[in-house]
Amino acid sequence: MHEQAAHNLGLRCHYQLIEVAGADREELRALLDGVRRLGFAGVNITFPCKEAVVDLLDELSPDAAK
């Protein structure tokens, strides 16, 4: 779905599930450090990790901050 939407916008995109069930704060930090090093343009964080990563992020949109 995400790859097709990007394609429709003329963008190149690869959407990859990275399973982190049970990850603690340091594991989440390591994951974010890793995707930064790999050059990811962004990541989609879902429940239950959304709140756990807020202070580990480079930036947070105003809507997400609300």
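Here is a short question-and-answer exchange about the predicted model shown above.

Reader: What should I know about the ground rules?

Author: Numbering starts from 1 along each chain as its sequence is written, and side-chain values use heavy atoms, with hydrogens and water left out. As this is a predicted model, local features need pLDDT of at least 70 and side-chain atom pairs count only at pLDDT 80 or more, while totals for chains, interfaces and linings use all residues.

Reader: What makes the protein chain α-α-α-α?

Author: Helices are DSSP runs of H or I with at least four residues, strands are runs of E with at least two, and both are numbered from the N terminus. The protein chain has 4 helices and 0 strands, which gives the pattern α-α-α-α along the sequence. Its C-alpha trace spans about 35 × 25 × 20 Å along the principal axes.

Reader: Why is the set with Leu 28 and Leu 56 called a nonpolar core?

Author: A nonpolar core is a set of buried Ala, Val, Leu, Ile, Met, Phe, Trp, Tyr and Cys residues joined through side-chain atoms within 4.5 Å. Buried means under 20% relative accessible area, exposed means over 50%, and partly exposed is in between (1.4 Å probe, protein chains only). The largest such core has 7 residues: Leu 28, Leu 32, Val 35, Ile 45, Cys 49, Val 53 and Leu 56. Helix 2 (residues 25-37) gives the largest share, 3 residues. Over the whole protein chain, 14% of the 66 residues count as buried.

Reader: What does Leu 56 touch?

Author: Contact means heavy atoms within 4.5 Å. Leaving out residues up to four places away in sequence, Leu 56 touches Arg 25, Leu 28, Arg 29, Leu 32 and Arg 36.

Reader: How do you know that Asp 55 and Arg 25 form a salt bridge?

Author: The rule asks for a side-chain nitrogen of Lys or Arg within 4 Å of a carboxyl oxygen of Asp or Glu. Here the closest N and O atoms are 2.8 Å apart, so the pair passes. Asp 55 sits in the loop between helix 3 (50-53) and helix 4 (62-65), Arg 25 sits in helix 2, and the two are 30 residues apart. The structure holds 4 salt bridges.

Reader: Why is Asp 55 called exposed, and Arg 25 partly exposed?

Author: Asp 55 has a relative accessible area of 54%, so it clears the bar for exposed. Arg 25 comes in at 36%, so it lands in the partly exposed range.

Reader: What makes Asp 33, Arg 36 and Asp 58 one network?

Author: Arg 36 forms a salt bridge with Asp 58, the closest N and O atoms being 3.1 Å apart. Arg 36 lies in helix 2 and Asp 58 in the loop between helix 3 and helix 4, so this pair ties together parts that are 22 residues apart in sequence. Arg 36 also meets Asp 33 in a salt bridge, again at 3.1 Å from N to O. Arg 36 and Asp 33 both lie in helix 2, 3 residues apart, about one turn of the helix. Salt bridges that share partners therefore join Asp 33, Arg 36 and Asp 58 into one network.

Reader: Which of Asp 58 and Asp 33 is exposed, and which partly exposed?

Author: Asp 58 is exposed, with a relative accessible area of 64%. Asp 33, at 31%, counts as partly exposed.
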